[in-house]
Amino acid sequence: MPKALFERIIQFPLTRIAIALALIFISLTLVSLATSFFSDSVSPDRSEALQVLSILASVLAAHLSYIAFVRIVERRKVYELAAWYFFLEVGEGVGIGALLMGTSILILWLLGVYHVHGVNSFDALVASSHFQTTLFAGYIEELIFRAVVFRISEEKLGTWIALA
């Protein structure tokens, strides 16, 4: 196969999406296999620590897989994961999310539907496996849908069609 044809196939949007998703899923599978290998030898009192380590390793593996994909396949720098962009996006996301959730709760409270029955400590939130799983799922979801599928679709089809 001529090199130009191979390059066109690799750079085709659906091919790039498939390659990126495969790299991310392979990296997540490898971390999961490694974690399950070690989980048998870990004492029950350290299983939560292993779960946290597994989540962090999974996020790091997916992150590095995406960086490798962008540098090797797309041959560009990974601007969308730059630290300055991260802090800007997180700040905006937390601010908008807090505003939307606060407004919803305020409306429910004004309607007499929302009541506070108790408050847990912040440590209880961070230590919960639901919180850790939510962070993992949120990062992987954003990486797959925004950084891969939406970004590549938007390049080829435009913003409105990619959003649809």
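Mentor: In this predicted model, arginine 151 sits in helix α6, residues 129–157.

Trainee: Why is arginine 151 called buried?

Mentor: Buried means under 20% relative accessible area. Arginine 151 has 12%, so the word applies.

Trainee: What does arginine 151 contact, leaving aside its neighbours within four places in sequence?

Mentor: Its contacts are Tyr66, Phe69, Val70, Glu74, Arg76, Glu80 and Arg146. In addition, a polar atom of the arginine 151 side chain lies 2.8 Å from the backbone oxygen of alanine 147.

Trainee: What makes the pair of glutamate 74 and arginine 151 a salt bridge?

Mentor: The rule asks for a side-chain nitrogen of Lys or Arg within 4 Å of a carboxyl oxygen of Asp or Glu. Here the N to O distance is 3.0 Å, so the pair qualifies. Glutamate 74 lies in helix α3 and arginine 151 in helix α6, so the salt bridge ties together parts that are 77 residues apart in sequence. Glutamate 74 is buried as well, with a relative accessible area of 11% against the limit of 20%.

Trainee: Which residues are linked with these two in a network of salt bridges?

Mentor: The network links Arg16, Glu74, Arg76, Glu80, Arg151 and Glu155. Within it, arginine 16 forms a salt bridge with glutamate 155, and the closest N and O atoms are 2.8 Å apart. Arginine 16 belongs to helix α2 and glutamate 155 to helix α6, so this pair joins parts 139 residues apart in sequence.

Trainee: Are arginine 16 and glutamate 155 buried or exposed, or in between?

Mentor: Arginine 16 has 8% relative accessibility, which is under 20%, so it counts as buried. Glutamate 155 has 46%, between the limits of 20% and 50%, and therefore counts as partly exposed.

Trainee: What makes arginine 75 and glutamate 7 a salt bridge?

Mentor: Their side chains meet at 2.8 Å, N to O, and the limit is 4 Å. This pair links distant parts of the chain: arginine 75 is in the loop between α3 and α4, and glutamate 7 is in helix α1 (residues 3–11), 68 residues away. Arginine 75 is exposed because its 56% is over 50%. Glutamate 7, at 24%, is partly exposed. By the salt-bridge rule the count comes to 10.

Trainee: How do you know that the length of helix α2 agrees with its number of residues?

Mentor: At 1.5 Å a residue, its 27 residues should span 39 Å. The end C-alpha atoms are 39 Å apart, so the two values agree. For α3, 28 residues should span 40 Å, and the end C-alpha atoms are 39 Å apart, which agrees.

Trainee: What joins serine 27 of α2 to serine 65 of α3?

Mentor: A polar contact of 3.1 Å joins their side chains. The limit for N or O atoms is 3.5 Å, so the distance fits. Serine 27 has a relative accessible area of 10% and is buried; serine 65, at 11%, is buried too. Not counting residues up to four places away in sequence, serine 27 touches Ala61, Ala62 and Ser65, while serine 65 is in contact with Leu23, Ile24 and Ser27.

Trainee: Why is valine 116 called exposed?

Mentor: Its relative accessible area is 59%, over the 50% limit, so valine 116 is exposed. Valine 116 is in the loop between α4 and α5. On the surface it belongs to a nonpolar patch that includes Trp109 and Tyr114, with about 1,300 Å² of accessible area for the patch together.

How values were computed
Residues are numbered from 1 along each chain as its sequence is written. This is a predicted model: local features need pLDDT of at least 70, side-chain atom pairs count only at pLDDT 80 or more; totals for chains, interfaces and linings use all residues. Side-chain values use heavy atoms; hydrogens and water are left out. Patches are made of residues with over 30% relative accessible area and no salt bridge: like charges are joined within 9 Å, nonpolar side chains (Val, Leu, Ile, Met, Phe, Trp, Tyr) within 5 Å. Accessible areas come from the Shrake-Rupley method with a 1.4 Å probe; for residues, only the protein chains shown count as cover. Helices (H or I, at least four residues) and strands (E, at least two) are DSSP runs, numbered from the N terminus. Buried means under 20% relative accessible area, exposed over 50%, partly exposed in between (1.4 Å probe, protein chains only). A polar contact is a pair of N or O atoms within 3.5 Å; within protein, one must be able to donate a hydrogen and the other to accept it, and residues adjacent in sequence count only if both atoms are side-chain atoms. Contact means heavy atoms within 4.5 Å. The expected span of a helix is 1.5 Å times one less than its number of residues.
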